[in-house]
Amino acid sequence: MTRHPSINDRSFIVNTSTSPTRIALVTGAGSGIGRAVATALLDDGWSVVLAGRRAEPLQALAAQAVACGQVALAVPTDVTSPESVDALFATIEQRLGRLDLLFNNAGVNAPAVPMDELPLEKWFSVLNTNVTGVFLCARAAFGLMRRQSPQGGRIINNGSVSATTPRPFTAPYTASKHAVSGLTKSIALDGRAFNIVASQIDIGNALTELSERMTRGVLQANGSTAPEPMMDARHVADAVRHIAALPHCRWAPTFST
Ligand SMILES: NC(=O)c1ccc[n+]([C@@H]2O[C@H](COP(=O)([O-])OP(=O)(O)OC[C@H]3O[C@@H](n4cnc5c(N)ncnc54)[C@H](OP(=O)(O)O)[C@@H]3O)[C@@H](O)[C@H]2O)c1
């Protein structure tokens, strides 16, 4: 079935005649790393739910997928909105029945200025997207993966080099990505009992809209300004598809007395 969505029509589903086996959700799927990962998962036979704020790139990717006989569902979503994330997961559960993989990828940056010059709304924008948005999607995925049968699934958070090491003038982004590391560890621990596994990729410099300015030179920790090497986002996609294909092992706690 192919439908043309409107702003009131939250989802756009294509080619559901194929019985989906493994179902993935990619946030920020309309561009950059999210788009590369969604494309790789589709090529690997996953049914992929594509989420992001802008409908058009999601629908274009879904249309491209169906043309290749793949299963895709574009669901325009703002990950900073609890209502929008709830609607996304309600759609996944109603239309596809379960979720096996969340690639928690949607993220934003702030202008590189000394922190005393940074408007507070930029701080909130980064934290709301990179931390609260990642938490809201992980929380909803955790709930669905816990409820579904067979129980379990995989959550891969997109961190950054900034999850461990800052660049100059990146306080909000660095703080947000450090928070993602804490969230990943908590999901990995809390998910054990429910066969929910969590991991994180901390990449540096895949060429995307977000990182393009680095090709022109960015401030370094030693005070110099230098362009940084970039890799193709498909290498990130290859890393994610590798993690996605790893086996799950149900955790069996053993306590010595
Ligand atoms: N590129 C790199 O070198 C690099 C390095 C380390 C980490 N990362 C991380 O990789 C992730 C993807 O970044 P990218 O480089 O691929 O940049 P990008 O092309 O700008 O992708 C960011 C994606 O997030 C989506 N997004 C932003 N705010 C959103 C919201 N509130 N709700 C839903 N979707 C939202 C955007 O789509 P809409 O605007 O349509 O919503 C966009 O598709 C980010 O988390 C970033 O921190 C990138």
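Trainee: How do H1 and H6 sit, roughly parallel or oblique to each other?

Mentor: In this predicted model, H1 and helix H6, which covers residues 233–244, pack at an angle of about 50° with their axes 8 Å apart, and they are therefore oblique to each other, since angles under 35 degrees count as roughly parallel and 65 to 115 as roughly perpendicular.

Trainee: And is that crossing left-handed or right-handed?

Mentor: The crossing of H1 and H6 is right-handed.

Trainee: Which residues meet there?

Mentor: From H1 the contact takes in Gly32, Ile33, Ala36, Val37, Thr39, Ala40 and Leu41, and these meet Ala233, Arg234, Val236, Ala237, Asp238, Val240, Arg241 and Ala244 in H6. Sorted by class, the contact of H1 with H6 has 10 nonpolar, 2 polar and 3 charged residues.

Trainee: What about the ligand, how many residues surround it?

Mentor: The ligand is surrounded by 30 residues, and the closest of them are Gly28, Gly32, Arg53, Gly107 and Leu210. Two elements give two or more residues to this shell, namely helix H1 (32–43) and helix H4 (120–147).

Trainee: Which of those gives the most?

Mentor: That is H1, with 3 residues in the shell around the ligand. Gly32, one of the closest residues to the ligand, is also among the H1 residues that meet H6.

Trainee: What classes of residue make up the shell?

Mentor: The shell around the ligand divides into 7 nonpolar, 19 polar and 4 charged residues.

Trainee: Let's go to H4, then. How does it pack with H5?

Mentor: H4 and helix H5, which runs over residues 171–191, pack at an angle of about 15° with their axes 9 Å apart, and because angles under 35 degrees count as roughly parallel, H4 and H5 fall into that group. The crossing of H4 and H5 is right-handed.

Trainee: Which residues make that contact?

Mentor: On the H4 side they include Trp123, Val126, Leu127, Val131 and Phe135, while on the H5 side they include Pro172, Tyr173, Val180, Leu183 and Ile187. By class, the contact of H4 with H5 counts 14 nonpolar, 3 polar and 2 charged residues.

Trainee: How does H3 pack with H4?

Mentor: Helix H3, residues 82–96, packs with H4 at an angle of about 30°, and their axes are 10 Å apart, which makes H3 roughly parallel to H4. The crossing of H3 and H4 is right-handed.

Trainee: And who meets whom in that pair?

Mentor: Pro82, Val85, Asp86, Phe89 and Glu93 in H3 meet Leu136, Cys137, Ala140 and Leu144 in H4. The residues of this contact of H3 with H4 divide into 7 nonpolar, no polar and 2 charged.

Trainee: Changing topic, where is Glu228?

Mentor: Glu228 lies in the loop between strand E9 (225–226) and H6.

Trainee: Why does Glu228 count as partly exposed?

Mentor: Glu228 has 15 C-beta neighbours inside 10 Å, and it counts as partly exposed because being buried takes 20 or more and being exposed takes 12 or fewer.

Trainee: What is Glu228 in contact with?

Mentor: Leaving aside its neighbours within four places in sequence, Glu228 is in contact with Asn205, Met214 and Val218. Glu228 and Arg213 are 15 residues apart in sequence, and C-alpha to C-alpha they are 9.5 Å apart in space.

Trainee: Last one, what does the whole protein come to in secondary structure?

Mentor: The protein has 6 helices and 9 strands, and of its 257 residues 40% count as buried. Of the contacts with a separation of 6 or more, 68% are between residues 24 or more positions apart.

Definitions and conventions. Residues numbered from 1 in each chain as written. Predicted model: local features only at pLDDT ≥ 70, side-chain atom pairs only at ≥ 80, totals over all residues. Near = placed C-beta within 6 Å. Helix = DSSP H or I, 4+ residues; strand = E, 2+ residues; numbered from the N terminus. Nonpolar A, V, L, I, M, F, W, Y, C, P; charged D, E, K, R; others polar. Axes fitted to C-alpha atoms, helices over the stretch in contact; angles between N-to-C directions. Parallel < 35°, antiparallel > 145°, perpendicular 65-115°, else oblique. Left-handed = near helix turned anticlockwise from the far one by under 90°. Contact = placed C-beta atoms within 7 Å.
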